[in-house]
Amino acid sequence: MLATQGKTDSVQFFAPMALTSYQLLAPLNADQRYDMGRIGEVAGALPLAKAQADSILRENPNHLLGLILEARIALLAGDTTQLHSYERRLIAAEKGELAKKRAEYARHEDDITNALQQARKSMGAKP
């Protein structure tokens, strides 16, 4: 929330505390890994965010939250090839994964909806 409000100084202050809290919860599930990855993302700790995305996708290569996190990291890294690859995978996995009605999908419904809209827009804009 602080990142969306542009309060980067607060993000930098609170992110280490939040990350430490998540590390104490180990082992983390996909939902917690996504949250930890998002904190890493907004705090500028992209290797940490990438590690969380990789862990999610290692357990389930089609997990929507892992694909979303990977796409966000690729966007921040300026890697459009990887970005489009993860966006394609996200769109392809949507129906099958949403049918599983995972609790984390309900919790992050807005993130999923926004990422799918962005992916479709991005894929539609490609030649």
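Helices here are DSSP runs of H or I with at least four residues, strands are E runs of at least two, and both are numbered from the N terminus. With that in hand, start at the loop between helix 5 and helix 6 (103–107) and select Lys-101.

Before you click further, know that this is a predicted model: local features need pLDDT of at least 70, side-chain atom pairs count only at pLDDT 80 or more, and totals for chains, interfaces and linings use all residues. Residues are numbered from 1 along each chain as its sequence is written, and side-chain values use heavy atoms, with hydrogens and water left out.

**Stop 1: Lys-101**

Lys-101 is not a glycine, yet its phi is positive, about 50°. Is this residue buried or exposed? Lys-101 counts as exposed because its relative accessible area is 70%. The cut-offs are under 20% for buried, over 50% for exposed and partly exposed in between, using a 1.4 Å probe and protein chains only.

**Stop 2: the whole chain**

Zoom out and colour by secondary structure. You'll find seven helices and zero strands, so to speak in order α-α-α-α-α-α-α from the N terminus. The chain has 127 residues, and 39% of them are buried. Its exposed surface is about 7400 Å², with carbon and sulfur atoms supplying 56%; such areas come from the Shrake-Rupley method with a 1.4 Å probe, and for residues only the protein chains shown count as cover. Now for contacts, meaning heavy atoms within 4.5 Å. Of those with a separation of 6 or more, 57% join residues 24 or more positions apart.

**Stop 3: the largest nonpolar core**

A nonpolar core is a set of buried Ala, Val, Leu, Ile, Met, Phe, Trp, Tyr and Cys residues joined through side-chain atoms within 4.5 Å. Select Tyr-34, Leu-64, Leu-65, Leu-67, Ile-68, Leu-90 and Ile-112: in the largest core, of 23 residues, these have the most contacts inside it. Helix 2, helix 3 (46–59), helix 4, helix 5 and helix 7 each give this core at least two residues. Helix 4 has the largest share, with eight. Stay on Ile-68 and show its surroundings: beyond its neighbours within four places in sequence, Ile-68 contacts Tyr-34, Leu-90, Asp-111, Ile-112 and Ala-115.

**Stop 4: the second largest pocket**

Ile-68 also leads you here. A pocket is found on a 1 Å grid over the protein atoms alone, as an open set of points where a 1.4 Å probe fits, with protein on both sides within 12 Å along at least five of seven lines; lining residues have an atom within 4 Å of a point. The second largest one holds about 280 Å³, a volume being the space filled by probe spheres set on the points. Its lining has 16 residues, and Ile-68, Arg-72, Leu-75, Ala-115 and Gln-118 are the closest to the centre. Helix 2 (30–42), helix 4 (64–77), helix 5 and helix 7 (109–125) each supply at least two lining residues.

**Stop 5: Glu-94**

Move to helix 5 (residues 80–98) and pick Glu-94. Glu-94 counts as buried because its relative accessibility is 17%. Not counting residues up to four places away in sequence, Glu-94 touches Leu-64, Leu-116 and Arg-120.

**Stop 6: two distances to draw**

Go to Gln-32 in helix 2. Draw a C-alpha line from Gln-32 to Glu-104: 72 residues apart along the chain, they sit 8.9 Å from each other. Then select Leu-48 in helix 3. From Leu-48 to Arg-38, ten residues apart in sequence, the C-alpha distance is 9.4 Å.
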